[in-house]
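Me: I have a protein–DNA model open and want to learn how to read it. Can you take me through it feature by feature?

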Number of protein chains: 2
Amino acid sequence: MSSAELPDPPGSKRRAKSQRKRLSRDAIVGTAFVVLDERGYDGFNMRGVADALGTGPASLYAHVTGKEELLDLMIDRLAAAIEVPEPDPDRWQEQVKAVITDIYRAFLEHPGLARANLGKIPSGPGALHTIDRFMGLLRAGQLPKKVVAYAVDILPLFATAYAFEQGIFAERMTGEDATRYLEELDEYWRALPADRFPNIHAVVDALIDPEEDPEARFAFGLDMLVTGIAAQRGPRRS
Amino acid sequence: MSSAELPDPPGSKRRAKSQRKRLSRDAIVGTAFVVLDERGYDGFNMRGVADALGTGPASLYAHVTGKEELLDLMIDRLAAAIEVPEPDPDRWQEQVKAVITDIYRAFLEHPGLARANLGKIPSGPGALHTIDRFMGLLRAGQLPKKVVAYAVDILPLFATAYAFEQGIFAERMTGEDATRYLEELDEYWRALPADRFPNIHAVVDALIDPEEDPEARFAFGLDMLVTGIAAQRGPRRS
DNA sequence: ACCTGAACACCGTTCAAGT
DNA sequence: ACCTGAACACCGTTCAAGT
């Protein structure tokens with residue numbers, strides 16, 4: 001965030017940096033976050049990370065088996081940073097929503113990571129701890145074991161998928177371009193022939209609202225999910 | 001599916017094929033499906049498609065602006081093939097689930113496409129038609145406009161994300177490897193210290209069931225979503 | 001208009017050689 | 001043990017030249 005974005009001041013050499021700080025997994029992961037945030041998922045590559053560390057790409061492979069492991073390490077660091085409260089049985093639904101929203105926001109800050117996280121079963125130490133504590137909230141809801149097992153799978157998937165989708169926007173266009181694009185999309189949909197697209201025509205007013213908080217859609221979906229999960233309470237004993 | 005998977009019979013030359021069939025967008029898209037299914041998302045590239053067509057990669061660019069457009073065309077063809085029934089107000093929830101399940105299965109047949117679809121607002125002609133008809137089902141549920149707008153966004157996202165996640169497995173390991181991997185994962189979780197991971201420990205029996213139909217999890221999540229959506233019925237007029 | 005060979009720019013990873 | 005320069009294999013895309 002801070003100094004890594006700036007060009008080197010005159011007189012300082014990249015070499016100096018690399019000699020001061022020796023390479024380490026932690027340093028690599030930390031720098032990788034900076035590079036990912038600056039360049040996005042598509043622009044993120046081993047060469048860029050090495051460059052930001054003042055070394056060559058080959059040097060990274062002494063600490064990390066490859067790009068995939070590096071992304072895994074980043075995901076685990078992100079997962080470990082999610083804070084999960086002590087379960088309060090009276091407020092478990094709110095607590096669950098709060099944690100999933102935090103996950104969503106964390107991935108939204110690093111859109112590329114959401115993409116990398118999709119399709120992975122988390123197994124790093126940081127993620128495991130967070131998962132266990134998150135399960136505590138679900139169990140406070142008196143849900144059957146099987147529902148807990150499903151919910152712990154589905155809820156983070158939803159957060160990840162939504163952050164990824166949302167992140168595509170943020171990555172591709174700035175705020176101004178985005179609203180303009182949404183307005184064009186709105187126009188396009190309104191211009192569709194009503195006879196061939198009667199349903200789009202009927203609800204077109206509700207489809208796009210450029211003023212809308214981007215998180216509102218996410219919150220709505222999350223609410224649907226948690227409502228559906230809570231409805232599973234009771235029917236089966238476990 | 002049929003002849004494109006077979007090697008060339010002896011005596012036939014690639015050239016013959018390319019001269020018989022001229023290149024076209026449709027031919028390229030069709031061949032792209034074969035290549036994607038054979039090689040997966042990571043192995044899918046323009047060179048491979050060109051090769052399967054008996055030509056060089058540069059030739060594709062006369063018909064398609066690039067890899068991204070080619071993937072968009074594939075997605076649109078897939079979306080157009082989804083059949084949506086006439087709305088039956090008494091069975092709208094079942095109908096919605098059936099369509100979303102079809103989308104899930106379609107993406108599961110071509111796992112790479114799910115990845116490509118994430119983060120895209122569908123705008124091809126085939127997708128638009130399917131979306132409009134799908135909205136018809138939601139409107140039969142008497143849902144407020146805003147809920148229809150959210151649901152039409154969230155439900156396909158869920159199907160896509162889940163198919164993508166599921167597809168990673170299918171792409172990386174065959175049935176035998178998958179069950180073995182799940183068994184190892186089961187063992188690993190059971191071996192976690194109960195004091196540090198009390199909640200995982202408590203529900204570990206329900207977490208992994210190698211016998212379980214992989215679609216059961218998806219169906220469960222979809223059920224939660226639709227239940228949550230249906231609960232939005234009525235409160236607001238629209 | 002459509003196709004092609006060749007090349008450009010870029011990237012993950014490996015390897016032999018250095019310290 | 002850690003780091004590095006150089007190279008390999010691969011890929012999306014462009015371009016000038018052909019038909």
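**Reading the DNA contacts, helices and salt bridges**

Reply: Start with one contact: an N or O atom in the side chain of A:N45 is 2.8 Å from a phosphate oxygen of DNA strand C. Keep in mind that this is a predicted model.

Me: Which other atoms lie by a phosphate oxygen of DNA strand C?

Reply: Look at backbone and side chain separately. A backbone N or O atom of A:K67 lies 2.9 Å from a phosphate oxygen of this strand, DNA strand C. From the other chain, a side-chain N or O atom of B:H63 is 2.9 Å from a phosphate oxygen of DNA strand C. Now step back to the elements. Those giving two or more residues to the surface near DNA strand C are α3 (46-52) and α4 of chain A, with α4 of chain B.

Me: How many residues surround DNA strand C, and which are the closest?

Reply: There are 17, and the closest are A:N45, A:R47, A:Y61, B:T55 and B:H63. By class, the surface near DNA strand C has 7 nonpolar, 5 polar and 5 charged residues.

Me: What share of the strand C atoms by the protein belongs to sugar or phosphate?

Reply: Count the DNA atoms within 4 Å of the protein. For DNA strand C, 62% of them belong to sugar or phosphate, and the rest to bases.

Me: Now DNA strand D. Which residues come nearest?

Reply: Of the 17 residues around DNA strand D, the nearest are A:T55, A:S59, A:H63, B:R47 and B:Y61. The surface near DNA strand D divides into 7 nonpolar, 5 polar and 5 charged residues. Of the strand D atoms within 4 Å of the protein, 62% are sugar or phosphate and the rest are in bases.

Me: Which atoms lie by its phosphate oxygens?

Reply: Take three cases. In B:N45, an N or O atom of the side chain is 2.8 Å from a phosphate oxygen of DNA strand D. In B:Y61, a polar side-chain atom lies 2.8 Å from a phosphate oxygen of DNA strand D. In A:L23, a backbone N or O atom lies 3.3 Å from a phosphate oxygen of DNA strand D. The elements giving two or more residues to the surface near this strand, DNA strand D, are α4 (57-60) of chain A, and α3 (46-52) and α4 (57-60) of chain B.

Me: On to helices. How many residues does α6 of chain B have, and how far does it reach?

Reply: Compare the end-to-end span with the expected one. Helix α6 (residues 92-109) of chain B has 18 residues and reaches 26 Å from first C-alpha to last, close to the 26 Å expected at 1.5 Å a residue.

Me: Which of its residues are buried, and what covers them?

Reply: The buried residues of α6(B) are B:W92, B:Q95, B:V96, B:V99, B:I100, B:T101, B:I103, B:Y104, B:A106 and B:F107. The cover includes α5 (67-80), α7 (111-117), α8 (125-140), α9 (145-172) and α12 (214-230) of chain B.

Me: Why would buried residues recur along a helix at steps of three or four?

Reply: An α-helix has 3.6 residues a turn, so residues three or four places apart point the same way. In α6(B), B:W92, B:Q95 and B:V99 are among the buried ones.

Me: How many salt bridges does the structure hold?

Reply: It holds 26 over all chains. For each one, ask where the partners sit. B:D42 pairs with B:R115, the closest N and O atoms being 4.0 Å apart. This pair links distant parts of the chain, with B:D42 in helix α2 (residues 25-43) and B:R115 in helix α7 of chain B, 73 residues apart. B:D42 counts as exposed at 65% relative accessibility, whereas B:R115 is buried at 19%.

Me: Which parts does the salt bridge of B:E215 and B:R105 tie together?

Reply: The two side chains meet at 2.8 Å, N to O. B:E215 lies in helix α12 of chain B and B:R105 in helix α6 of chain B, so the pair ties together parts 110 residues apart in sequence. B:E215 is partly exposed at 22%, and B:R105 is partly exposed at 41%.

Me: Where do B:D186 and B:R190 lie?

Reply: Both lie in helix α10 (residues 175-190) of chain B, 4 residues apart, about one turn of the helix. Their salt bridge has its closest N and O atoms 3.1 Å apart. B:D186 is buried at 15%, while B:R190 is partly exposed at 40%.

Definitions and conventions: Residues are numbered from 1 along each chain as its sequence is written. Chains are lettered from A and ligands numbered from 1 in the order in which they are written. This is a predicted model: local features need pLDDT of at least 70, side-chain atom pairs count only at pLDDT 80 or more; totals for chains, interfaces and linings use all residues. Side-chain values use heavy atoms; hydrogens and water are left out. A residue is near a molecule or strand if one of its heavy atoms lies within 4 Å of it. A polar contact is a pair of N or O atoms within 3.5 Å; within protein, one must be able to donate a hydrogen and the other to accept it, and residues adjacent in sequence count only if both atoms are side-chain atoms. Ala, Val, Leu, Ile, Met, Phe, Trp, Tyr, Cys and Pro count as nonpolar, Asp, Glu, Lys and Arg as charged, and the others, Gly among them, as polar. The expected span of a helix is 1.5 Å times one less than its number of residues. Buried means under 20% relative accessible area, exposed over 50%, partly exposed in between (1.4 Å probe, protein chains only). Contact means heavy atoms within 4.5 Å.
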